[in-house]
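Grab a pencil and get ready to work through a few exercises. Each one sets a task and then walks you through a solution.

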Amino acid sequence: MSEVDRTNRLDKKDYIAAETKKSLIVLHHTVGGSAQSTIDYWRSDPGRIATAYVVERDGKIFEVFDPKYWAFHLGLKGTKGAVDKRSVGIEIASEGGLIQRNGVLYCFDKVSERTRFTQDYYEHPEPWRGFRFFDAYADVQAAAVAELINLLCDQFGIPRKTPADHFDADDAYRAFEGIIGHHHVRPDKSDIHPGFQWQRTIDECRLELT
Ligand SMILES: [Zn+2]
């Protein structure tokens, strides 16, 4: 069991310290080099955008605010934060989608020496949401995500359910109760990507497919 680090907290101005009932967990990835760079960005941004949890590349779990509170993390226009309020967000540190030029992979949609990607990657059989290559999530990150899902389902009574289609997007998922990826409610998003270990998560968290 990974230890949850609660020493790296956001300031109260960076989230909404009002308790809300939770019925959903949404998985994201950061599109960044480390958990810390994302947490620092949230501190600098006035939009109260954040998730309660960020999972570092080495599997370390940061709880940056108490998950009974909430922040904006979905960007769903016209909902006034209704889905953000009832959900707990988990960010996985990852560069996300990668582009390929002359056999070399790059992150941030940018070809440069600085954005050259040399770590483990996941290759999808066909393009998905604009990418075929993705920064691979580490096994220790998948393990940490499963631990968090188990903790949060117990703590908040969140249903142990997930959509059977891991690649789908539909407005109907805005009403889903259980565990989804950001991509389920946002067709323009590629987090979380198809390399996520869904079957492992389903097994370790005893999730029902719906
Ligand atoms: Zn996201």
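**Exercise 1.** Is Asp191 buried or exposed?

*Solution.* Keep in mind that you're looking at a predicted model. Start with the cut-off: a residue is buried when its relative accessible area is under 20%. Next, look up the value, which is 6% for Asp191. That falls under the cut-off, so Asp191 is buried.

**Exercise 2.** Which residues are the protein donors of the zinc ion, and how are they spaced in sequence?

*Solution.* First, list the donor atoms: ND1 of His28, ND1 of His182 and OD of Asp191. They lie 2.1 Å from the zinc ion. Then walk along the chain from donor to donor, and you get the pattern H-x153-H-x8-D. You've already met Asp191, and His182 is buried as well, with a relative accessible area of 4%.

**Exercise 3.** Stacked or edge-to-face: how do Trp70 and Phe72 pair up?

*Solution.* To describe a pair of aromatic rings, you need the distance of the centres and the angle of the planes. The count of aromatic pairs here comes to 11. For Trp70 and Phe72, the centres are 5.0 Å apart and the planes make an angle of 70 degrees. Planes over 60 degrees apart count as edge-to-face, so that's the label for Trp70 and Phe72. Now check accessibility: Trp70 is buried at 7%, while Phe72 is partly exposed at 28%.

Try another pair. The ring centres of Tyr121 and Phe133 are 5.8 Å apart with the planes at 70 degrees, so this pair is edge-to-face. Tyr121 belongs to strand S9 (residues 121-128) and Phe133 to strand S10 (residues 131-135), so to speak 12 residues apart, and the pair links distant parts of the chain. Tyr121 is partly exposed at 45%, whereas Phe133 is buried at 7%.

**Exercise 4.** Which residues do ring pairs link into a cluster?

*Solution.* Follow the ring pairs from one residue to another, and you'll find a cluster of Tyr122, Trp128, Phe131, Phe134 and Phe167.

**Exercise 5.** Why does Glu95 have no salt bridge?

*Solution.* Find Glu95 first: it's in the loop between strand S5 (87-92) and strand S6 (97-101). Glu95 is buried, and the nearest side chain of opposite charge is Arg57, 4.1 Å away. A salt bridge has to be within 4 Å, so Arg57 doesn't make the cut. Arg57 still touches Glu95, and other residues in contact with Glu95 include Val31, Cys107, Phe117 and Asp135.

Methods. Residues are numbered from 1 along each chain as its sequence is written. This is a predicted model: local features need pLDDT of at least 70, side-chain atom pairs count only at pLDDT 80 or more; totals for chains, interfaces and linings use all residues. Side-chain values use heavy atoms; hydrogens and water are left out. Donors are N, O and S atoms within 2.8 Å of the metal (3.2 Å for Na, K and Ca); water is not among the atoms, so sites may look incomplete. Buried means under 20% relative accessible area, exposed over 50%, partly exposed in between (1.4 Å probe, protein chains only). Rings of Phe, Tyr and Trp (its six-membered ring) pair if their centres lie within 6.5 Å; planes under 30 degrees apart count as stacked, over 60 as edge-to-face and the rest as tilted. Helices (H or I, at least four residues) and strands (E, at least two) are DSSP runs, numbered from the N terminus. Lys and Arg count as positive and Asp and Glu as negative; His and the chain ends are not counted. Contact means heavy atoms within 4.5 Å. Lists of a residue's contacts leave out its neighbours within four places in sequence.
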